[in-house]
Amino acid sequence: MKDGLLTDRQMEVLRYRKQGLTQQQIANIISTSKANVCTIEKSAMENIRRAKETLEFLYTLDATHLCTIPSGTDLFNVPAIIFGEAEKINIKVKYDTISLINRLRESRSQACKARVVCEDIIVYITDQGELYFG
């Protein structure tokens, strides 16, 4: 039975992967091929990616475009940019520097390589100081 965007089989495979099992080990446990486990896992990850994008869209409906962090920016310069832009519109960001960097890395991990932003990141802010990264 499907409880959302993931099937029971997808959740099972992801649980096993979280435990550190290989695709072949999972295939043996659930009596299928490694290729099938690969397909199940890939579909699950795509469903999760799409769900995250949908939630980010929902959250940004109540947010204002704050700024765009350009590709090539040192990650440690990002908080100063965001704090400065938020101050201009009289909104206090609800994160300190370290929390902000961690939130950005978690939200847009593919957009950061080491200490460098590798693709433009759009920053949204709510009146309460919550940040979202597009």
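Mentor: Contact means heavy atoms within 4.5 Å of each other. Glu-130, with neighbours up to four places away in sequence left aside, is in contact with Lys-94, Tyr-95, Arg-103, Tyr-124 and Ile-125.

Trainee: What sort of model is this, and which residues are let into such lists?

Mentor: The model is predicted: local features need pLDDT of at least 70 and side-chain atom pairs pLDDT 80 or more, while totals for chains, interfaces and linings use all residues. Residues are numbered from 1 along each chain as its sequence is written, and side-chain values use heavy atoms, with hydrogens and water left out.

Trainee: Why is Glu-130 called buried?

Mentor: Buried is the word for under 20% relative accessible area, exposed for over 50%, and partly exposed for what lies in between, with a 1.4 Å probe and protein chains only. Glu-130 has 13% relative accessibility, so it counts as buried. Glu-130 is found in the loop between β4 and β5.

Trainee: What makes the pair Glu-130 and Tyr-95 a polar contact?

Mentor: The term asks for a pair of N or O atoms within 3.5 Å; within protein, one must be able to donate a hydrogen and the other to accept it, and residues adjacent in sequence count only if both atoms are side-chain atoms. The side chains of Glu-130 and Tyr-95 are joined at 2.3 Å, so the pair qualifies.

Trainee: Which residue is joined to Gln-23 by a polar contact?

Mentor: Glu-41 is: its side chain and that of Gln-23 are joined by a polar contact of 2.8 Å. Gln-23 lies in helix α2, residues 23-30. The relative accessible area of Gln-23 is 16%, so this residue is buried too. Beyond four places in sequence, Gln-23 is in contact with Arg-17, Lys-34, Val-37, Cys-38 and Glu-41.

Trainee: How do you know which strands pair in the sheet?

Mentor: Two strands pair if DSSP finds at least two bridges between them. Strands are DSSP runs of E with at least two residues, helices are runs of H or I with at least four, and both are numbered from the N terminus. β1 and β4 (residues 121-125) have 5 bridges in the antiparallel sense, so they pair. β4 and β5 are joined by 3 bridges and run antiparallel, so they pair as well. The outcome is an open sheet of 3 strands in the order β1-β4-β5.

Trainee: What makes β1 and β5 edge strands?

Mentor: Each has a single partner strand, so one side of β1 (64-69) and one side of β5 (131-133) are left without a neighbour in the sheet. From one strand to the next, the twist averages 25°; angles run from 0 to 180 degrees between N-to-C directions, along lines fitted to C-alpha atoms, for helices over the stretch in contact.

Trainee: Which helix packs on the sheet?

Mentor: Helix α5 (residues 97-107) does, touching β4 and β5, and its direction makes about 35° with that of β5.

Trainee: Which residues stand opposite each other in the pairings?

Mentor: Ile-69 stands opposite Ile-121 in β4, and Thr-68 has Ile-122 as its bridge partner. On the β5 side, Tyr-124 stands opposite Tyr-132. The hairpin of β4 and β5 has 5 residues between the strands, and Gly-129 in its turn has a positive phi of about 90°.

Trainee: How do the side chains of β4 point, and which are buried?

Mentor: In a regular strand the side chains alternate between the two faces of the sheet. In β4, Ile-121, Val-123 and Ile-125 point to one face and are buried, while Ile-122 and Tyr-124 point to the other and are not.

Trainee: Why is Ile-122 called partly exposed?

Mentor: Its relative accessibility is 29%, which lies between the two limits, so the middle term applies. With residues up to four places away not counted, Ile-122 touches His-65, Cys-67, Thr-68, Tyr-132, Phe-133 and Gly-134. Ile-122 and Phe-133 are 11 residues apart in sequence, and their C-alpha atoms are 5.6 Å apart in space.

Trainee: What makes Asn-90 and Ala-114 count as exposed?

Mentor: Asn-90 has 72% relative accessibility, over the limit for exposed. Ala-114, at 66%, is over that limit too. Asn-90 is found in the loop between α4 (78-88) and α5, and Ala-114 in the loop between β2 (112-113) and β3 (116-117). Asn-90 is not a glycine, yet its phi is positive, about 60°. Ala-114 also has a positive phi, near 55°, in a residue other than glycine.
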